[in-house]
Amino acid sequence: MSMLRVEDLGVSISTISPLSGVSFDLERGEIIGIVGESGSGKSLTAMSVMGLLPLIGGQVDHGKIEFDGIELTGISENEYRKLRGGRIGLITQNPMTSLDPLKKIGPQVDDVSRLHLDHDKSQAKARTIELLGDLRIPEPASIYHLYPHQMSGGMKQRIVIAMALAADPDLLIADEPTTALDVTVQAQIIRLLGDLVKQRNLSLVLITHDMSVVAQTCDKVMVMYAGTAIERGRVQDIFKSPRHPYTKALIGCIPHGLSKTVRLKGIEGTVPGVAQYPAGCRFHPRCGLAEDICKETVPAFDTAGSRAAACHFALGTAQ
Amino acid sequence: MTSAIWNRLSGVAALRAFSSAIGMLAGGFLILLLLVAFLAPWITPFDVATQNLANANAAPGWPHIMGTDEFGRDVFSRVVYGARTSLSVSATAIGISVSVGMLLGAAAGYFGGMFERIVMTVVDLTWSFPDILIALIFVAIIGPGLTSTTFAIAIAYLAQFTRLTRAQIVRLKNETFVEATINLGATPVHVVLRHLLPNALAPVIVVGMLAVGDGIVLEATLGFFGLGAQPPTPSWGAMMSSGTAQLFIAPWVIIYPGVAVAITVIAVNLFGDELVRALDIRDRVRS
């Protein structure tokens, strides 16, 4: 059974629909990368899974979100609260501001296991210190007593990861976990996440806009553009033979080596705003292959199967 | 050992208010005043209520260092006991005001919607009247006395703390760490009590501190009108009120309590300013 299965997910916020047609599934022990430019709906997908849409005044419009066999659309806020931080952990984008500045970091991690695992104070503390050690934080027992402002960004991100792991979740969602960190620390954190998935047999949804991170760590990938999924598949397949022109262009943007003669190709134009999504295929104004049909008909995106591309002129053949 | 204790204490930001000359002086005076109020029975040479008409309106000298009033009572003893009344009434009132205001403001700021609209409308309505008017109306309704003075002052300052707390909460609730806490399954009560209120506390403490000064003036004003402490309970306001009658024959009866009010309020305000500096919250204390 899939750990997480999202089928034809659509989200609406008052009258606009910033997200539609997102489908993917994720087995235990797998990592799926969700990639796309800013504003393509990656974070919104994560928020939908976490049931946090009411915070921004949105709701799931259609589609299904199935977590370990439980249908999440329509469960009560109380049931959701038990899952959040309990069976589903979220690693937030900016570790600098994700910790309460007034509380020591140890007790902040404790709160999670006390809430979800009913640990008492000393059990929670022991668990936190063990967890910090697992995350390769030196001297966890003394780090426990530090305030967030006394730590570096990479350290804080590890604390945020510790908080997400504190209740032993089955699914982790990491929303651009390395965006705010410098490059060397980014690599460490990504490697750490990959190791955690193996050690703990977790499932991980890794949201990023870095194709090379996806290539290194993920098993599956879903590419998003302008609030919709456009291609999905196993990482090797996608990188070897991308079927959607946008995916192909994105892969073309990854720098290879230090060759000075080859200029990186960009993609002409910008992502349309949520109010100006074009009719038909949303990528057609920027697509080199676009024909009349692309301006009128929305290309289908298979909800089942491991490989799908939402394009009328999908490159190669479906497997 | 002592240096370890000192290091720990200097970590408490509020104590840095004592680091400047003004903070040291004002804070020192306030601590002295608190001591005087606590130790009043042991440092007053005369009973505050015992009359000695033969020695009425005696000029300052020995043994009455601040003279006596129209009933021959020792002004120094009454000023000392007056400190007790003023400080306890003002501090209790502001304490009530801060606690209730913080809860109201936090609930309004966090939950928003209709509840916030109702609370803020009432608060803004009372905010548009002068504090003294609100206090007078309430004393007029529940009758004079120390208890009603306390509640009247508490109600008069409620609007201020509700507004201030709400402003803090509205600013804080969009911070990432609050979202992160919700992501981890925290209930609204946990978010408000454990994360939002502690982060909103610093400016509220400082404004509360400054309000204690205003509360002392308000208490003295109500006392001056005869609506506060009832005789023979000594209070600075009531003493000044009775002092007006013999302003020209025994000016010390009105001068000493007046000076006591003035110095106390100045000290509270100066120390409050130093607190603002020490906690580095200058831009957050305005509601």
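**Reading a helix and its chain**

Q: I would like to start with one helix. Which residues in α7(A) are buried?

A: Burial can be judged by counting neighbours: a residue is called buried if 20 or more other C-beta atoms lie within 10 Å of its own. In this predicted model, the buried residues of α7(A) are I189(A), I190(A), L193(A) and V197(A). They sit on the same side of α7(A), because the arc they cover around the axis is only 100°.

Q: And what is exposed on the other side of α7(A)?

A: For the exposed label, the neighbour count must be 12 or fewer. On that other side, T184(A), K198(A) and Q199(A) are exposed.

Q: What covers the buried residues of α7(A)?

A: To answer this, look for elements in contact with them. The cover includes three strands of chain A, β3 (31–35), β7 (171–175) and β8 (203–208), along with the helices α6 (153–165) and α8 (211–217).

Q: How many residues does α7(A) have, and what span does it reach?

A: Compare the end-to-end distance with the expected one. Helix α7 of chain A runs over residues 183–200, which is 18 residues. From first C-alpha to last it reaches 26 Å, close to the 26 Å expected at 1.5 Å a residue.

Q: What does the backbone do just after α7(A)?

A: Check the phi angle there. N201(A) takes a positive phi of about 55°.

Q: Let's step back. How many helices and strands does chain A have?

A: Chain A comes to 11 helices and 11 strands. Its radius of gyration is 20 Å, close to the 20 Å the globule rule gives for 319 residues, so chain A is as compact as a globular protein of that length. Its C-alpha trace spans about 65 × 50 × 35 Å along the principal axes.

Q: What share of chain A is buried?

A: Buried residues make up 45% of the 319 residues in chain A. You can also ask how far apart in sequence the touching residues are: of the contacts in chain A with a separation of 6 or more, 65% are between residues 24 or more positions apart.

Q: How many residues does each chain bring to the contact?

A: Count each side separately: 19 residues come from chain A and 11 residues from chain B. On the chain A side, α2 (77–83) and α3 (105–116) are the elements that give two or more residues. The largest share, 3 residues, comes from α3(A). By type, the chain A side divides into 8 nonpolar, 7 polar and 4 charged residues.

Q: Last one: what confidence scores come with the model?

A: The model scores ipTM 0.76 and pTM 0.77. For chain B, the mean pLDDT is 87, and 94% of its residues reach 70 or more.

Definitions and conventions:
Residues are numbered from 1 along each chain as its sequence is written. Chains are lettered from A and ligands numbered from 1 in the order in which they are written. This is a predicted model: local features need pLDDT of at least 70, side-chain atom pairs count only at pLDDT 80 or more; totals for chains, interfaces and linings use all residues. Helices (H or I, at least four residues) and strands (E, at least two) are DSSP runs, numbered from the N terminus. The expected span of a helix is 1.5 Å times one less than its number of residues. The arc is that of the directions from the helix axis to the C-beta atoms. Two residues are in contact if their C-beta atoms, placed from the backbone, lie within 7 Å. Ala, Val, Leu, Ile, Met, Phe, Trp, Tyr, Cys and Pro count as nonpolar, Asp, Glu, Lys and Arg as charged, and the others, Gly among them, as polar. pLDDT is the predictor's confidence in each residue, from 0 to 100. The radius of gyration is taken over C-alpha atoms; the globule rule is 2.2 Å times the number of residues to the power 0.38.
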